[in-house]
Structures are given as structure tokens and as C-alpha cells.
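Biologist: I've got the sequence and the model open on my screen. Mind walking me through it, a piece at a time?

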Amino acid sequence: MGIGGCIALIAIGAILTFATDWHMKGVNLDLVGVILMAVGVIGIATFTSIARRRRGAVIEETVVDHDHHHGPIL
């Protein structure tokens with residue numbers, strides 16, 4: 001699951017928790033919303049942690065050849 005999926009989980013959880021007043025027998029939608037938000041936050045933390053490890057340090061080296069001339073030396 002990418003960052004987009006995690007953000008979607010957070011948004012759906014927030015909607016269930018704060019924007020609805022539905023009542024289902026045997027299901028606490030506020031708790032389901034909080035769980036979805038927590039899973040989304042954990043997913044974002046995990047994704048960014050893995051992305052940092054993969055990125056690592058990249059060292060670029062530029063080689064300049066001073067011995068090669070493109071024309072006659074005057």
C-alpha cells in the first residue's frame with residue numbers, strides 16, 4: 001500500500017468517526033474510524049521509513065579530461 005492508500009484510510013476513518021451519525025447494531029463506527037486512521041498513520045510511517053532506507057547516499061563523480069584538446073594550441 002502506498003502513501004495514497006494510507007491517506008485514503010485516514011480520510012475514510014475520519015469521515016466515519018467525525019462526520020457520520022449512523023448507528024449499526026453490533027458495530028461501533030467511531031471505533032472502526034479510529035482504527036482505520038491508526039492503520040493509515042502506521043502505514044505512512046512504515047512507508048517513509050522504508051523509502052528512506054532505499055534512498056541511501058548517492059555519490060556522483062564528475063570526470064574532467066584536461067589532456068584532451070579540441071583544437072590546435074596556439
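Biologist: Let's start with Leu 16: is it buried or exposed?

Modeller: Keep in mind that this is a predicted model. Leu 16 sits in helix H1. Its relative accessible area is 15%, and the cut-off for buried is under 20%. So Leu 16 counts as buried.

Biologist: Which residues does Leu 16 touch, if I skip those up to four places away in sequence?

Modeller: Leu 31 is 15 residues from Leu 16 in sequence, and their C-alpha atoms are 8.7 Å apart. For touching, the heavy atoms have to come within 4.5 Å. With residues up to four places away left out, Leu 16 touches Trp 22, Leu 29, Asp 30, Val 32, Gly 33 and Leu 36.

Biologist: Next door is Thr 17. Buried or exposed?

Modeller: Thr 17 is also found in helix H1, which covers residues 3-19. The relative accessibility of Thr 17 is 16%, against a limit of under 20%. So Thr 17 counts as buried.

Biologist: Which backbone nitrogen lies 3.3 Å from a polar atom of the Thr 17 side chain?

Modeller: Outside its neighbours within four places in sequence, Thr 17 is in contact with Asp 30, Gly 33, Val 34 and Met 37. A polar atom of the Thr 17 side chain lies 3.4 Å from the backbone oxygen of Asp 30. The backbone nitrogen you want, at 3.3 Å from a polar atom of that side chain, belongs to Val 34.

Biologist: Zooming out to H1, how wide is the arc that holds its buried residues?

Modeller: The buried residues of H1 are Cys 6, Leu 9, Gly 13, Leu 16 and Thr 17. Looking down the helix axis, you'd see them line one face, because they fall within an arc of 95°.

Biologist: And which helix do those buried residues pack against?

Modeller: The protein has two helices and zero strands. The face of H1 turned away from its buried side carries exposed residues, namely Gly 4, Phe 18 and Ala 19. The buried residues of H1 pack against residues 29-55, helix H2.

Biologist: What span does H1 reach from its first C-alpha to its last?

Modeller: H1 has 17 residues. At 1.5 Å a residue, the expected figure is 24 Å, and the model comes close to that. From first C-alpha to last, H1 reaches 23 Å.

Biologist: Last one: what share of the protein's residues count as buried?

Modeller: The accessible surface comes to about 6500 Å², with 64% of it belonging to carbon and sulfur atoms. Of the 74 residues, the share that count as buried is 15%.

Key:
Residues are numbered from 1 along each chain as its sequence is written. This is a predicted model: local features need pLDDT of at least 70, side-chain atom pairs count only at pLDDT 80 or more; totals for chains, interfaces and linings use all residues. Side-chain values use heavy atoms; hydrogens and water are left out. Helices (H or I, at least four residues) and strands (E, at least two) are DSSP runs, numbered from the N terminus. Buried means under 20% relative accessible area, exposed over 50%, partly exposed in between (1.4 Å probe, protein chains only). Accessible areas come from the Shrake-Rupley method with a 1.4 Å probe; for residues, only the protein chains shown count as cover. A polar contact is a pair of N or O atoms within 3.5 Å; within protein, one must be able to donate a hydrogen and the other to accept it, and residues adjacent in sequence count only if both atoms are side-chain atoms. The expected span of a helix is 1.5 Å times one less than its number of residues. The arc is that of the directions from the helix axis to the C-beta atoms.
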